[in-house]
Amino acid sequence: MDNRRFKKRTLFLIAYLVFALLPIYWMVNMSFKTNEEILSSFTLWPAAFTWANYKTIFTDPSWYSGYINSLIYVGINTVISLTVALPAAYAFSRYRFLGDKHVFFWLLTNRMTPPAVFLLPFFQLYTTMGLMDTHIAVAMAHLLFNVPLAVWILEGFMSGIPREIDETAYIDGYSFPRFFFTIFLPLIKAGVGVAAFFCFMFSWVELLLARTLTSVNAKPIVATMTRTVSASGMDWATLAAAGVLTIVPGAIVIWFVRHYIAKGFAMGRV
Amino acid sequence: MSTTTKPVNQKAWFLVLPVIVCVAFSAILPLMTVVNYSVQDVLSPDRRVFVGTEWFAAVMRDEELHLALWRQIQFSLAVLLVEIPLGIALALSMPAQGWKSSAVLVLVALSLLIPWNVVGTIWQIFGRADIGLLGYYLQQAGMEYSYTGNSTHAWWTVLAMDVWHWTPLVALLAFAGLRSIPDAYYQAASIDGASKWAVFRYIQLPKMRGVLMIAVLLRFMDSFMIYTEPFVLTGGGPGNATTFLSQYLTTKAVGQFDLGPAAAFSLIYFLIILLFCFVLYNWMQSLGTSEKEQGHG
């Protein structure tokens, strides 16, 4: 009985993984084909295997600079988000203060605001400040949804650490910064990992703001892709190759935080 | 946030301050601009007229908007109904430890890290009848499948894309919740001879409440402002079948440059989301407390 149940679960899991991976496989498949093959015949795998599409991307600065730009603003954003979110999350998890619940909910509302609402004001704000088309502008704009999320996640993890630890440390004569960095931070490093993962993810995948706030110097890869679609007609093969390459940084990040995701919440929530 | 025995300390405000400054800069300032626009008619950069609530009245009467809102609500509910149970089921069937667990985790999470327009592109290539795997075989099976021509097909394709894209988030959160349950609970349950269902209903589900709350809120909010994926896949069409609120707003604000109505609409949009989330948040919080009380009884 137990064995049969196990099998049913495995079957379900395999079915889901097939559903999850088929579309990705199809894109990878296309990225190794030539445009002629894509359009002329329907093949399940590349008949004339080619690296040409990837070569195009790695040798053309207008393509590869997109990846670099994206990584820069995502990096800036993740660092700022975590830096400001850590102390705030600590405050929310440890103390009551005037208006704490309201501030917490207000922060969350920013996570709920559709970026489309802020599109125009952002455009004007950053133009006025001369920040248009810089990495900072996009990083700042993305703080809008990443900071609240980071606070939210970290608060959950910190609440899972018993307050006695703080008190013992203070009795032992630790100052707050020393306690925070040498004792508390290592305890919630799983939470920091998860928060960083989410910040990276939401900043990396966002298109609307990133595209509006940049034109040349900081143009992210996602914007490069949309423009190429419309400019050169339907260059499916290169588009597919570029798409595959956007998945790579994400896959690397998941690989690094996989233990944190799996065990992470466990440490935070028990 | 639990409100039990936390000490009151107003100095904690200093710790929150950096966040407030950051978010104020990227949220309050722009929001004020939106409020500003929503009550003015901007004729040219230096000629503007105060029009009071005229735009709001105009937006409220907008039939197109009502339809977009209705489509949006249907879509968001469908998303929650499919993704939450599927995500939980997926989390329950994922291996708990070992290399298999890591491998499955990475594979499942993969779709989350794909930029949203690439998600649109993937499904575009996947669904096209001439070059796509899905489209080709549906066509072969005798179905006149076309996500650009048939509005029902477009709607289901967008839903399938969203399920494909976001169920992993629910699954990851639920999985993390499951891992946090100590083995002692399961041992106690097996001593009591509890059925699988009882274990799920009385141990796993309550223990996952916190993360599931995050999952429901995130999925609701994000599906309510879905923009990029349908934009790339269908461009909101055919007709208006997949024109959801963000798409409609962006067309108004950027395409037609109707600042006043677009701003008024933005505010209403924001308030709708706020209202939904406030209700949902409080409802789930209170559900949690009552469950806890039952647990003690």
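1. Leaving aside neighbours within four places in sequence, B:Val42 is in contact with B:Tyr37, B:Arg48, B:Leu259 and B:Gly260. This residue of the predicted model sits in strand β1 (residues 40-44) of chain B. One of its partners is remote in sequence, for B:Leu259 is 217 residues away along the chain, and yet the C-alpha atoms of B:Val42 and B:Leu259 are separated by 7.3 Å. Is B:Val42 buried or exposed? Neither label fits, because B:Val42 has 16 other C-beta atoms within 10 Å and is therefore partly exposed, a residue being counted as buried if 20 or more such atoms lie within that distance and as exposed if 12 or fewer do.

2. Chain B as a whole gives the setting for that strand. Its secondary structure comes to 13 helices and 2 strands, and its C-alpha atoms fill a box of roughly 75 × 65 × 30 Å when taken along the principal axes. Of the 297 residues of chain B, 40% count as buried. Among the contacts in chain B with a separation of 6 or more, 70% are accounted for by residues 24 or more positions apart.

3. A second position in chain B may be set beside the strand residue. B:Gly177 lies in helix α7 (residues 151-179) of chain B, and this glycine counts as buried because it has 25 C-beta neighbours inside 10 Å. B:Gln74 is 103 residues from B:Gly177 along the chain, and the C-alpha atoms of these two residues are separated by 28 Å.

4. Within chain B, helix α3 (residues 63-93) and helix α10 (residues 209-224) have axes that come within 9 Å and cross at roughly 145°, and α3(B) passes α10(B) in a right-handed crossing. On the side of α3(B), the contact is made by B:Gln72, B:Phe75, B:Ser76, B:Val79, B:Leu80, B:Glu83, B:Ile84 and B:Gly87, while α10(B) supplies B:Ala215, B:Val216, B:Arg219, B:Phe220, B:Ser223 and B:Phe224. Sorted by class, this contact has 8 nonpolar, 4 polar and 2 charged residues.

5. In chain A, helix α7 (residues 135-159) packs against helix α10 (residues 189-205) at an angle of about 160°, with the axes 9 Å apart. How do α7(A) and α10(A) run relative to each other? They are roughly antiparallel, because their angle is over 145 degrees, and α7(A) passes α10(A) in a right-handed crossing. The residues of α7(A) that take part are A:His142, A:Phe145, A:Asn146, A:Leu149, A:Ala150, A:Ile153, A:Leu154 and A:Phe157, and they meet A:Ala190, A:Gly191, A:Val194, A:Ala195, A:Phe198, A:Cys199, A:Phe202 and A:Ser203 in α10(A). The residues of this contact divide into 12 nonpolar, 4 polar and no charged.

6. The loop between α6 (115-128) and α7 of chain A holds A:Asp133, a residue whose backbone deserves a check. A:Asp133 has a positive phi of about 60° although it is not a glycine. Most residues other than glycine have a negative phi. With 16 C-beta neighbours inside 10 Å, A:Asp133 counts as partly exposed.

7. The contact between the two chains takes 74 residues from chain B and 86 residues from chain A. On the side of chain B that touches chain A, helix α1 (residues 12-38) of chain B gives the most, with 14 residues, and the residues of that side divide into 53 nonpolar, 19 polar and 2 charged.

8. That same helix of chain B meets a helix of the other chain, since helix α4 (residues 61-94) of chain A and α1(B) pack at an angle of about 135°, with their axes 8 Å apart. The angle makes α4(A) oblique to α1(B), and α4(A) passes α1(B) in a left-handed crossing. The contact is made by A:Val84, A:Ala85, A:Pro87, A:Ala88, A:Tyr90 and A:Ala91 of α4(A), together with B:Ala12, B:Leu15, B:Val16, B:Pro18, B:Val19 and B:Cys22 of α1(B). By class, it has 12 nonpolar, no polar and no charged residues.

9. Finally, the largest nonpolar core has 157 residues, of which A:Ala85, A:Ala88, A:Val151, A:Leu154, A:Ala195, B:Val19 and B:Ala174 touch the most other members. Helix α7 of chain A gives the most to this core, with 17 residues. Not counting residues up to four places away in sequence, A:Ala195 touches A:Leu82, A:Ala85, A:Ala150, A:Ile153 and A:Leu154.

Key
Residues are numbered from 1 along each chain as its sequence is written. Chains are lettered from A and ligands numbered from 1 in the order in which they are written. This is a predicted model: local features need pLDDT of at least 70, side-chain atom pairs count only at pLDDT 80 or more; totals for chains, interfaces and linings use all residues. Two residues are in contact if their C-beta atoms, placed from the backbone, lie within 7 Å. Helices (H or I, at least four residues) and strands (E, at least two) are DSSP runs, numbered from the N terminus. Ala, Val, Leu, Ile, Met, Phe, Trp, Tyr, Cys and Pro count as nonpolar, Asp, Glu, Lys and Arg as charged, and the others, Gly among them, as polar. Axes are lines fitted to C-alpha atoms, for helices over the stretch in contact, and angles run from 0 to 180 degrees between N-to-C directions. A crossing is left-handed if the near helix is turned anticlockwise from the far one by less than a right angle, and right-handed if clockwise. A nonpolar core is a set of buried Ala, Val, Leu, Ile, Met, Phe, Trp, Tyr and Cys residues joined through C-beta atoms within 7 Å. Angles under 35 degrees count as roughly parallel, over 145 as roughly antiparallel, 65 to 115 as roughly perpendicular and the rest as oblique.
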